[in-house]
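Me: I would like to go through this structure step by step, with the reasoning spelled out. Could we begin with the cysteines and then move on to the metal site and the strands?

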Amino acid sequence: MIFDFHTHTFLSDGESIPIEHIRNASKNGYSVIGLTDHVSYSNIDYIIDALKRDCRLAEKYWDIKAIAGVELSNVPAKSIDEMAKYAKEKGAELVIVHGESIAERVEPKTNYYAVNSDFVDILAHPGLITPEEAGMAASKGIFLEITGKTGHSLTNGHVVKTGRENGAKFLINSDSHSCSGLYSGDGQFKIGRGAGLDENEIKEIFDKNVKLLLKKTGS
Ligand SMILES: [Zn+2]
Ligand SMILES: [Zn+2]
């Protein structure tokens with residue numbers, strides 16, 4: 001069982017068309033896949049509509065839950081609440097914000113504005129997140145991401161420590177941009193263990209956090 005809420009298709013900078021991407025995930029044993037292409041106002045309407053079509057097609061014929069989401073990437077930090085609200089109004093089932101990874105810098109304060117929005121579900125690869133930001137994520141029910149993506153994963157240990165100390169909940173995502181970036185076997189579990197999560201914490205992610213998010217997304 002693999003539950004991955006952050007991946008990309010060729011609608012932004014991934015390699016596969018959405019249905020091929022979902023098929024690859026299904027072959028790898030995925031139960032849930034989130035398709036979260038990079039958006040801003042330039043492409044957001046088109047991407048939500050296009051992803052939804054293939055997610056519904058996949059769910060009709062295959063045993064997989066496919067979620068049509070977006071990742072707000074490199075948008076002005078102060079616009080995040082407005083843009084996340086717009087995404088939800090346009091039908092996005094999941095809204096991720098590209099956090100302040102030390103490997104790919106977005107505008108400072110992106111983490112802060114993401115965890116202060118009522119319309120954001122996941123703060124992806126939040127880099128050197130502060131205790132205050134982790135506490136705000138906990139109180140808003142925004143999940144902090146532990147990532148399998150090279151580079152972004154450099155601060156997984158810090159995210160676990162700071163999130164844990166401040167009551168935040170985690171998810172383990174791949175940020176896959178291709179078939180080879182998807183999880184298979186126990187790869188997702190190993191990323192969690194490598195980040196410093198213990199087996200019980202990972203079990204809680206799979207048993208509880210995934211269900212909480214699916215409920216939030218209306219699934
Ligand atoms: Zn990307
Ligand atoms: Zn991403």
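Me: How many disulfides does the count come to?
Reply: This is a predicted model, and a pair of cysteine sulfur atoms has to lie within 2.5 Å to be counted as a disulfide. The sulfur of Cys55 has its closest cysteine sulfur in Cys179, at 17 Å, which is too far for a bond. Cys179, looked at from its own side, is likewise in no disulfide, and the count is therefore zero.

Me: Is Cys179 buried, partly exposed or exposed?
Reply: To count as buried, a residue needs a relative accessible area under 20%, and to count as exposed it needs one over 50%. Cys55, with a relative accessible area of 0%, is buried. Cys179 has a relative accessibility of 36%, so the class that fits Cys179 is partly exposed.

Me: Which word describes the site of the zinc ion (ligand 1), tetrahedral or irregular?
Reply: The protein donors of this zinc ion are two OD atoms of Asp13 together with the NE2 atoms of His38 and His177, and they lie 2.0 to 2.7 Å from the metal. Four donors count as tetrahedral if all angles lie between 85 and 135 degrees. Here the angles among the four donor atoms run from 52 to 127°, and because 52° falls outside that range, the site is irregular.

Me: How many residues apart in sequence are the parts that His38 and His177 tie together?
Reply: Along the chain, the donors of the zinc ion (ligand 1) follow the spacing D-x24-H-x138-H. His38 lies in strand β2, whereas His177 lies in the loop between β7 and α7, so the parts tied together by this pair are separated in sequence by 139 residues.

Me: Is His38 buried or exposed?
Reply: Strand β2, residues 30-39, includes His38, and ten of the ten residues in β2 are buried. For His38 itself the relative accessible area is 18%, and since the cut-off for this class is under 20%, His38 is buried.

Me: Which residue in β3 stands opposite Leu35?
Reply: Strand β2 runs parallel to β3, residues 65-72, and eight bridges join the two. Between these strands the chain passes through helix α2, residues 44-61, in a right-handed β-α-β crossover. Opposite Leu35, the residue in β3 is Ala68.

Me: What is the bridge partner of Phe3 in β2?
Reply: Strand β1, residues 2-7, is joined to β2 by four bridges, and these two strands run parallel. Together with helix α1, residues 18-27, they make a right-handed β-α-β unit. In β2, the residue bridged to Phe3 is Val32.

Note on methods:
Residues numbered from 1 in each chain as written. Chains lettered and ligands numbered in written order. Predicted model: local features only at pLDDT ≥ 70, side-chain atom pairs only at ≥ 80, totals over all residues. Heavy atoms only, no water. Donors = N, O, S within 2.8 Å, 3.2 Å for Na, K, Ca; no water. Tetrahedral: all angles 85-135°; square planar, octahedral: opposite > 155°, others 65-115°. Buried < 20%, exposed > 50% of the residue type's maximum accessible area, 1.4 Å probe, protein only. Pairing = 2+ DSSP bridges. Right-handed = clockwise from strand over helix to strand, strands pointing away.
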